[in-house]
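Grab a pencil and work through these exercises with the model open beside you. Try each task before you read its solution.

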Amino acid sequence: MQLTAEEKQLAVQTARQVAASHRPDKGSLIPVLQEIQAALGYIPAVAMQEVAQLFGVPAVDVYAVVTFYNQFRLTPPGRRQVKVCMGTACHMKGGQIILESWERRLKIKVGETTPDREYSLERVACVGCCTMAPVVLVNEEVHARVTPTRVDGLLFAHQLVREQEEGGKDLAPNDSN
Ligand code: FES
């Protein structure tokens with residue numbers, strides 16, 4: 001995914017700031033990467049390269065850590081963060097089918113973000129509302145007993161909101177007329 005010059009600059013700055021507060025050795029890699037992710041929402045490639053350089057380790061070693069642990073994201077979160085619960089109750093009630101529905105409709109896999117950065121997709125552990133399984137969170141909004149048809153409905157509703165927002169922007173200059 002292509003980052004803007006500002007995003008790259010922010011990533012490098014963040015990596016430097018976080019790295020400065022840790023001992024520059026391999027044992028600090030995970031906490032450093034966790035802090036970078038907490039600050040940016042993901043770990044951009046430029047941040048990995050910066051950490052590798054600062055710690056004097058090959059960039060491939062940093063990349064190996066990021067890809068080994070699925071707590072780390074490689075792409076920026078979308079404007080709408082879809083989290084499909086895959087805890088036991090949700091899994092038993094068809095969580096996997098719901099996850100695949102999102103993947104098919106958004107044309108991305110878990111852990112990815114759509115090219116327009118509108119959606120990102122994640123699987124999460126139990127979110128604490130098992131009686132409403134299967135559960136999906138869109139940002140912090142909880143959706144209960146989700147079905148593939150409900151996924152279509154949510155996407156349609158989002159599309160309408162988006163069109164309204166975009167229409168609103170187009171209309172704004174004429175509002176004063
Ligand atoms: S398992 Fe999904 S809310 Fe508990």
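**Warm-up: the parts list**

The chain has seven helices and four strands; these are DSSP runs numbered from the N terminus, helices being H or I with at least four residues and strands E with at least two. This is a predicted model, where local features need pLDDT of at least 70 and side-chain atom pairs count only at pLDDT 80 or more, while totals for chains, interfaces and linings use all residues. Residues are numbered from 1 along each chain as its sequence is written.

**Exercise 1. Write down the order of the elements, then find the domains of the chain.**

Step 1: Start at the N terminus and you get α-α-α-α-β-α-α-β-β-β-α.
Step 2: The domain assignment, which is automatic or from a database, gives domain 1 as 5–68 and domain 2 as 80–172.
Step 3: Taken over C-alpha atoms, the centres of domain 1 and domain 2 are 29 Å apart.

**Exercise 2. Work out the strand order of the open sheet, and say which strands stand at the edges.**

Step 1: Recall that strands of a sheet pair through backbone hydrogen bonds, either parallel or antiparallel. Here, two strands pair if DSSP finds at least two bridges between them.
Step 2: Reading across, the order is β2-β1-β3-β4, and the pairing is mixed.
Step 3: β2 (119–124) and β4 (141–143) each have a single partner strand, so one side of each has no neighbour in the sheet.
Step 4: On average, neighbouring strands of this sheet are turned by 20° against each other, direction ignored. For axis angles, lines are fitted to C-alpha atoms (for helices over the stretch in contact), and angles run from 0 to 180 degrees between N-to-C directions.
Step 5: Zoom in on β3 (residues 136–138): it runs antiparallel to β4, and three bridges join them. Val138, for instance, stands opposite Glu141 in β4.
Step 6: Now add a helix: α6 (residues 95–106) lies across β1 (80–85), β2 and β3, at about 155° to β1.

**Exercise 3. Describe how α1 and α3 cross and which residues meet there.**

Step 1: The axes of α1 (residues 5–20) and α3 (residues 45–55) come within 8 Å and cross at roughly 35°.
Step 2: Residues are in contact if their C-beta atoms, placed from the backbone, lie within 7 Å. On the α1 side, the residues include Lys8, Val12 and Ala19, and they meet a set in α3 that includes Val46, Glu50 and Leu54.
Step 3: Sort this contact by class and you find eight nonpolar, one polar and three charged residues. Nonpolar covers Ala, Val, Leu, Ile, Met, Phe, Trp, Tyr, Cys and Pro; charged covers Asp, Glu, Lys and Arg; the others, Gly among them, are polar.

**Exercise 4. Track down the backbone oddities in the loops: which peptide bond is cis, and what is phi at Asn139?**

Step 1: Most residues other than glycine have a negative phi, and most peptide bonds are trans.
Step 2: The bond from Ala133 to Pro134 is cis, with omega near -5°, and Pro134 sits in the loop between β2 and β3.
Step 3: Asn139, in the loop between β3 and β4, has a positive phi near 50°. Asn139 is exposed, because it has 11 other C-beta atoms within 10 Å (the cut-offs at that distance: 20 or more is buried, 12 or fewer exposed, in between partly exposed, with C-beta atoms placed from the backbone).
Step 4: Arg145 also isn't a glycine, yet its phi is positive, about 45°. Arg145 has 13 C-beta neighbours inside 10 Å, so it counts as partly exposed.

Note on methods:
Contact = placed C-beta atoms within 7 Å.
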